[in-house]
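Reader: I've got a fresh structure to look through and I'd like to talk it over before setting anything up. Can you take my questions one at a time?

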Amino acid sequence: GSAPGSFLGSQVAGNLPGLTALGTTQSLASVDDMQEFRVQTSNVSAEYGRQPGGQIAIVTRSGSNSFHGGVFEYLRNNVFDAEDWFADSKGQAAPPERQNDFGGTFGGPVTIPHLYHGRDRTFFFVSYEGLQLRLPTFTITNVPTACLRGAGNCAAGQGPAPGVLQPLLKAFPLPNGKDLGNGTAEFDIGYSNPSHLNATSVRIDHVLTQKWTLFGRYNEVPSTKGSLEGINLAEIAASIFKTKAVTVGLTGIISPTSTNEFRFGYTGNAANSDAYFNNNTYGAVPIALSDLLPAGFATPTAGLDIVWAFPGYTSTSFGFQLYLNNIVQNQRQYNVVDNFTHVVGSHQLRFGIDWRRVDPYAFTNAYRIGFDYLSEQSLLNNAATSFSVFGSTPLNPIFTNFSAYAQDTWKVSPRLTLDLGLRWDLNPPMGEANGRVPLAVNEISNLATMQLAPYGTSAWHTTYANFAPRIGVAYQV
């Protein structure tokens with residue numbers, strides 16, 4: 001599976017985290033879709049590599065000669081839950097909590113009336129899981145006062161902000177708490193963030209001959225997560241993921257002592273994360289991005305970030321973000337694996353190759369504009385302390401990895417087993433689909449003399465001696 005995460009972290013190793021927008025693993029397989037779940041935390045064979053830590057393998061379920069299925073529903077709500085302490089302290093009711101996890105499975109022989117009956121030959125297994133979640137939370141934040149937004153009486157020494165900034169300040173919720181005396185007032189509210197996903201998978205198994213079997217599996221999981229932005233609770237931050245995965249496998253018996261297993265896999269994850277949209281909740285007045293952009297900036301691809309902070313504060317008192325960090329990612333991974341096993345006496349020899357191509361793509365706003373107001377007075381005077389513009393361009397790096405291994409599991413005696421193996425990994429420098437190769441440096445040993453290398457220099461040199469021996473001993477006392 002694949003999911004947007006650290007853009008140049010796990011991809012370099014050829015491993016992508018299989019997460020939905022909710023941070024769950026239904027993008028790999030639903031619980032009722034799993035036949036076997038295996039975790040190896042130590043003493044792994046040479047077949048496994050690339051990353052440290054545990055190795056996780058999931059085997060999905062297959063159909064059989066009889067039709068079997070099942071349905072499930074998991075429900076949780078706040079009917080029997082305790083009230084939220086923070087909401088109680090402000091005299092507000094607890095936000096609604098809802099969790100509906102439902103779905104089912106069905107499998108059996110592939111049957112086409114009057115044409116084909118797949119008994120002992122062709123089987124199918126279908127799995128579906130839907131999750132509807134509303135997660136309650138309670139937040140206390142600061143918003144512009146009625147005075148500052150030109151909608152209330154002002155104390156001595158205070159006054160409304162300039163008219164050009166009024167639409168910005170009115171895009172925040174109306175205050176419902178005490179005035180803090182610095183242009184801000186408290187706003188506290190309980191709300192529920194919505195999320196949902198739909199995980200569907202279909203697996204087909206076919207017996208080609210008595211010695212060869214073929215399977216194919218397709219998995220698709222769209223998921224979304226919405227949350228109110230912590231700085232401005234009249235904004236919704238949305239994350240939209242859509243994961244697709246295709247796996248094909250062929251397993252056969254070559255001879256009484258030899259077998260072979262081949263697998264091809266493709267995983268793609270399209271994501272639109274951290275997209276901000278302002279709305280009219282809690283008395284806020286939505287504002288169009290075009291009303292705030294300086295002349296000459298095109299609206300569709302712009303991001304705008306205006307923040308008001310006070311000296312001495314450890315975090316921003318309040319800020320405004322509109323269509324900011326609208327990150328579009330699409331990560332694709334191709335994987336070919338072949339394992340050959342041969343038994344000779346007390347030795348089980350296993351050889352294999354593993355090739356992967358990881359092709360992530362990411363693009364954020366073409367530019368981002370930032371204004372900083374570091375005091376109430378600078379806001380009243382419309383005198384931004386700083387102004388910045390950031391530009392970005394699409395990124396499409398390409399990583400390829402190749403591995404080969406040999407493993408001997410030797411049954412020395414009924415009680416003693418030795419595992420001897422050798423693994424070789426090859427990781428050439430990454431490429432870029434559009435020719436925009438990242439800049440490299442001439443050395444990393446001395447920061448004082450480090451300089452940029454000529455454009456086009458590879459980010460690293462290919463190492464051909466990445467051999468990893470494996471030795472394991474198991475003795476039954």
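Author: Sure, and one definition to begin with: a residue is called buried under 20% relative accessible area, exposed over 50%, and partly exposed in between. Keep in mind that this is a predicted model.

Reader: Then let's use that on Glu-36: is it buried, exposed or partly exposed?
Author: Glu-36 sits in strand 1. Its relative accessible area is 36%. Buried needs under 20% and exposed needs over 50%, so with 36% Glu-36 comes out as partly exposed.

Reader: Which side chain does the Glu-36 side chain join in a polar contact of 2.7 Å?
Author: Leaving aside neighbours within four places in sequence, Glu-36 is in contact with Ala-57, Ile-58 and Val-59. Arg-61 is 25 residues away in sequence, with its C-alpha 8.1 Å from that of Glu-36. The side chain at the other end of the 2.7 Å polar contact belongs to Arg-38.

Reader: Let's zoom out: how many helices and strands does the protein chain have?
Author: The chain runs to 477 residues, 38% of which count as buried. Its exposed area is about 24,700 Å², with carbon and sulfur atoms supplying 60%. As for the elements, the tally is 3 helices and 21 strands.

Reader: Among contacts between residues at least 6 apart in sequence, what share joins residues at least 24 apart?
Author: A contact here means heavy atoms within 4.5 Å. Taking the contacts in the protein chain between residues at least 6 apart, the share that joins residues at least 24 apart is 70%.

Reader: On to charges. What is the distance from Glu-129 to the nearest side chain of opposite charge?
Author: Glu-129 belongs to strand 7, residues 122–144. It is buried yet has no salt bridge. A salt bridge would need a side-chain nitrogen of Lys or Arg within 4 Å of a carboxyl oxygen. The nearest side chain of opposite charge is Arg-217, and its distance is 9.8 Å.

Reader: So which residue's side chain does Glu-129 join in a polar contact?
Author: Leaving aside neighbours within four places, Glu-129 has contacts including Ser-30, Phe-72, Asp-101 and Asn-198. Another residue in contact with Glu-129 is Gln-26. At 3.2 Å, the polar contact joins the Glu-129 side chain to that of Gln-26.

Reader: How many salt bridges does a search of the whole structure find?
Author: One of them pairs Glu-47 with Arg-350, the closest N and O atoms being 3.1 Å apart. That pair links distant parts of the chain, 303 residues apart: Glu-47 is in the loop between strand 1 and strand 2, and Arg-350 is in strand 15. The search of the whole structure gives 11.

Reader: Which residues do shared salt-bridge partners join into one network?
Author: Arg-350 also forms a salt bridge with Glu-261, the closest N and O atoms being 3.7 Å apart. Here the link runs from strand 11 to strand 15, across 89 residues. Glu-261 counts as partly exposed because its relative accessibility is 25%. Through shared partners, the network joins Glu-47, Glu-261, Arg-263 and Arg-350.

Reader: How far apart in sequence are the parts tied together by Glu-97 and Arg-76?
Author: Glu-97 and Arg-76 form a salt bridge with the closest N and O atoms 3.2 Å apart. Glu-97 lies in the loop between helix 1 and strand 4 and Arg-76 in strand 3, so the parts they tie together are separated in sequence by 21 residues.

Reader: And which strands give two or more residues to the nonpolar surface patch?
Author: The patch covers about 500 Å² and is made by Leu-208, Leu-214, Tyr-218, Val-246, Val-248, Phe-262 and Phe-264. Tyr-218 lies in strand 9, and its 34% relative accessibility makes it partly exposed. The elements giving two or more residues are strand 9, strand 10 and strand 11.

Reader: Last one, on backbone angles: what is phi of His-114?
Author: Most residues other than glycine have a negative phi. His-114, in the loop between strand 5 and strand 6, has a positive value instead. Asp-120, in the loop between strand 6 and strand 7, also has a positive phi, near 65°. For His-114 the angle is near 70°.

Conventions
Residues numbered from 1 in each chain as written. Predicted model: local features only at pLDDT ≥ 70, side-chain atom pairs only at ≥ 80, totals over all residues. Heavy atoms only, no water. Patch = residues over 30% accessible without salt bridge, like charges linked within 9 Å, V, L, I, M, F, W, Y side chains within 5 Å. Areas by Shrake-Rupley, 256 points an atom, 1.4 Å probe, with all protein chains shown as cover. Helix = DSSP H or I, 4+ residues; strand = E, 2+ residues; numbered from the N terminus. Buried < 20%, exposed > 50% of the residue type's maximum accessible area, 1.4 Å probe, protein only. Lys, Arg positive; Asp, Glu negative; His and termini not counted. Polar contact = N/O pair within 3.5 Å; in protein donor to acceptor, adjacent residues only side chain to side chain.
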